[in-house]
Amino acid sequence: MAETSDTRTPAQIEADIKLRREVLAETLDEIGVRVHPKTIVGDAKAKVVSNIDHTLGRAYIQVNRAVSEVRARFVDEDGAPRLERVVPVALVAVGLVGLLALGTRRRKG
């Protein structure tokens, strides 16, 4: 805080006033930049992008975890497929594709 006694010279008082004006001018410039519509829109966009990146990152982790769990069910520790699990799933998939093919063939005919 500035001295309030009468020991300051007029030159010191003028220097203090000049310094305060410069600080206030900088502060007003910063406020002007912060409240400018482009700055506000830019900040809002940055927050949205950050939230989207965070959400996508979490989704990627969840998908990666699910793929790892499925892979663990169908592949053993050596990397070889577990035929006791792969064959039934493959048969069900072929059956579903066959049923869908027959269903679309009957509608066309």
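In the predicted model, Glu-22 is partly exposed, with a relative accessibility of 41%. This residue lies in helix H1, which comprises residues 10–34. Together with Glu-26, Asp-29 and Glu-30, Glu-22 forms a negative patch on the surface. The accessibility of Glu-22 is compatible with membership of such a patch, because patch residues must have over 30% relative accessible area and take part in no salt bridge.

The geometry of H1 is in agreement with its length. At 1.5 Å a residue, a span of 36 Å is expected for the 25 residues of this helix, and the C-alpha atoms at its two ends are indeed 36 Å apart. Helix H1 is hardly covered, the count of buried residues among its 25 residues being 0. Individual positions illustrate this exposure. Ile-31, a residue of H1, has a relative accessible area of 42% and is therefore classed as partly exposed. Gly-32 is likewise placed in H1; its relative accessibility of 35% puts Gly-32 in the partly exposed class. Between the C-alpha atoms of Gly-32 and Lys-45, which are 13 residues apart along the chain, the separation is 19 Å.

A nonpolar patch is also present on the surface. Its members are Leu-28, Ile-31, Val-35 and Ile-40, and their combined accessible area is about 390 Å². For Ile-31, the relative accessible area of 42% satisfies the requirement of over 30% that applies to patch residues. In an α-helix there are 3.6 residues a turn, so residues three or four places apart point the same way.

Salt bridges were examined next. The structure holds 2 such pairs. In one of them, Asp-16 is joined to Arg-8, with a distance of 2.6 Å between the closest N and O atoms. Asp-16 is partly exposed, its relative accessibility being 28%. This value lies between the limits of 20% for buried and 50% for exposed residues, and Asp-16 is therefore assigned to the intermediate class.

The other pair links Glu-77 with Arg-82, the closest N and O atoms of which are 3.8 Å apart. This distance falls within the 4 Å cut-off, and the contact therefore qualifies as a salt bridge. Glu-77 has a relative accessible area of 75% and is exposed, because the threshold for that class is over 50%.

Definitions and conventions: Residues are numbered from 1 along each chain as its sequence is written. This is a predicted model: local features need pLDDT of at least 70, side-chain atom pairs count only at pLDDT 80 or more; totals for chains, interfaces and linings use all residues. Side-chain values use heavy atoms; hydrogens and water are left out. A salt bridge is a side-chain nitrogen of Lys or Arg within 4 Å of a carboxyl oxygen of Asp or Glu. Buried means under 20% relative accessible area, exposed over 50%, partly exposed in between (1.4 Å probe, protein chains only). Patches are made of residues with over 30% relative accessible area and no salt bridge: like charges are joined within 9 Å, nonpolar side chains (Val, Leu, Ile, Met, Phe, Trp, Tyr) within 5 Å. Accessible areas come from the Shrake-Rupley method with a 1.4 Å probe; for residues, only the protein chains shown count as cover. Lys and Arg count as positive and Asp and Glu as negative; His and the chain ends are not counted. The place of a charge is taken as NZ of Lys, CZ of Arg, CG of Asp or CD of Glu. Helices (H or I, at least four residues) and strands (E, at least two) are DSSP runs, numbered from the N terminus. The expected span of a helix is 1.5 Å times one less than its number of residues.
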